[in-house]
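Visitor: I am new to reading protein models, and I would like a close look at a single part, with enough of its surroundings to place it. Could you take me there slowly?

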Amino acid sequence: MIAPETHIRSAEPDDEDALGVLDRAAWSTLHAVGPAPAEPYEPFFDDRHVPGHYLVAVRGGALVGYVRVVPPTPLVTNAHVRQIQGLVVAEAARGRGVARALLRAAMDRSREDGARRITLRVLGHNAPARALYASEGFAVEGVQPGEFLLDGVYVDDVLMGRSLLG
């Protein structure tokens, strides 16, 4: 259960620096498919990653997590779907229900936007994330075997999804 002092809200432009620091600190081959961040760092927000795509978790005045939720494509034919494209929680805030709260807030926001389904992709070896998603009703809908080569190991890309109805 999420601690009462944790607040979920929409990201704001002023969150950019804190989100960048959080993202770099949380980088791991457990969930990242790109190289480790290196200076000079890219901006956290850009044309494809705008504050409106993010919900953030704040504890004790500090930003401790985020989830990015977007339409998976620009196509009208799947405008009823939202996709989680990133869920990060600071190491010090893990085990306190922050990820679950962000996930639930993402589903609530998606329903408010009229979405009927929500999907995500998770690396096959990320057992903690897969367990969280399964506990919130996400089911494996496909696996792309050996999709990524991370630290010399081929890792599956697992596609998960669930209905937002009922």
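Visitor: Please look closely at helix α2 and the residues that touch it, and then at the rest of the chain.

Guide: What follows begins with the whole chain, goes on to the helix, and ends with some unusual spots in the backbone. The model is a predicted one, in which local features need pLDDT of at least 70 and side-chain atom pairs count only at pLDDT 80 or more, while totals for chains, interfaces and linings use all residues. Residues are numbered from 1 along each chain as its sequence is written, and side-chain values use heavy atoms, with hydrogens and water left out.

The chain has three helices and seven strands, where helices (H or I, at least four residues) and strands (E, at least two) are DSSP runs numbered from the N terminus. Read along the sequence, these elements follow the pattern β-α-β-β-β-α-β-α-β-β. The chain has 166 residues and a radius of gyration of 16 Å, which agrees with the value near 15 Å for a compact globule of that length; the radius is taken over C-alpha atoms, and the globule rule is 2.2 Å times the number of residues to the power 0.38. Along its principal axes, the C-alpha trace spans about 40 × 35 × 35 Å. Of the 166 residues, 40% count as buried, a word that here means under 20% relative accessible area, whereas exposed means over 50% and partly exposed lies in between (1.4 Å probe, protein chains only). Among contacts between residues at least 6 apart in sequence, 63% join residues at least 24 apart, and contact means heavy atoms within 4.5 Å.

Now to the helix itself. Helix α2 covers residues 98–112, which makes 15 residues, and from its first C-alpha to its last it reaches 21 Å, close to the 21 Å expected at 1.5 Å a residue; that expected span is 1.5 Å times one less than the number of residues. The buried residues in α2 are V98, A101, L102, L103, A105, A106, M107 and S110. After α2 comes G114, whose phi is positive, near 90 degrees.

Which residues elsewhere in the chain touch this helix? One of them is E136, which, leaving aside its neighbours within four places in sequence, is in contact with R100, L103, R104, M107 and R162. E136 sits in the loop between α3 and β6, and it counts as buried because its relative accessibility is 9%. Its C-alpha atom is separated by 17 Å from that of Y66, 70 residues apart along the chain.

T6 approaches from another element, since it lies in strand β1 (residues 6–10), and with residues up to four places away in sequence not counted, T6 touches A57, V58, R59 and V98. T6 is buried as well, at 10% relative accessibility, and it is 55 residues from G61 in sequence but 9.1 Å from it in space, C-alpha to C-alpha. A further distance concerns A129, a residue of helix α3 that is buried at 13% relative accessibility: A129 and R100 are 29 residues apart in sequence and 10.0 Å apart in space, C-alpha to C-alpha.

Beyond the helix, N126 lies in the loop between β5 (117–123) and α3 (127–135). N126 counts as buried at 8% relative accessibility, and it touches L30 and H31, not counting residues up to four places away in sequence.

Two backbone details complete the tour. Most residues other than glycine have a negative phi, and most peptide bonds are trans. D151, in contrast, has a positive phi of about 50 degrees although it is not a glycine, and it is placed in the loop between β6 (139–150) and β7 (153–163). D151 is exposed, with a relative accessible area of 69%, and its C-alpha atom is separated by 7.8 Å from that of T29, 122 residues apart along the chain. The peptide bond from E39 to P40 is cis, with omega near -5 degrees, and P40 is found in the loop between α1 (16–26) and β2 (54–59).
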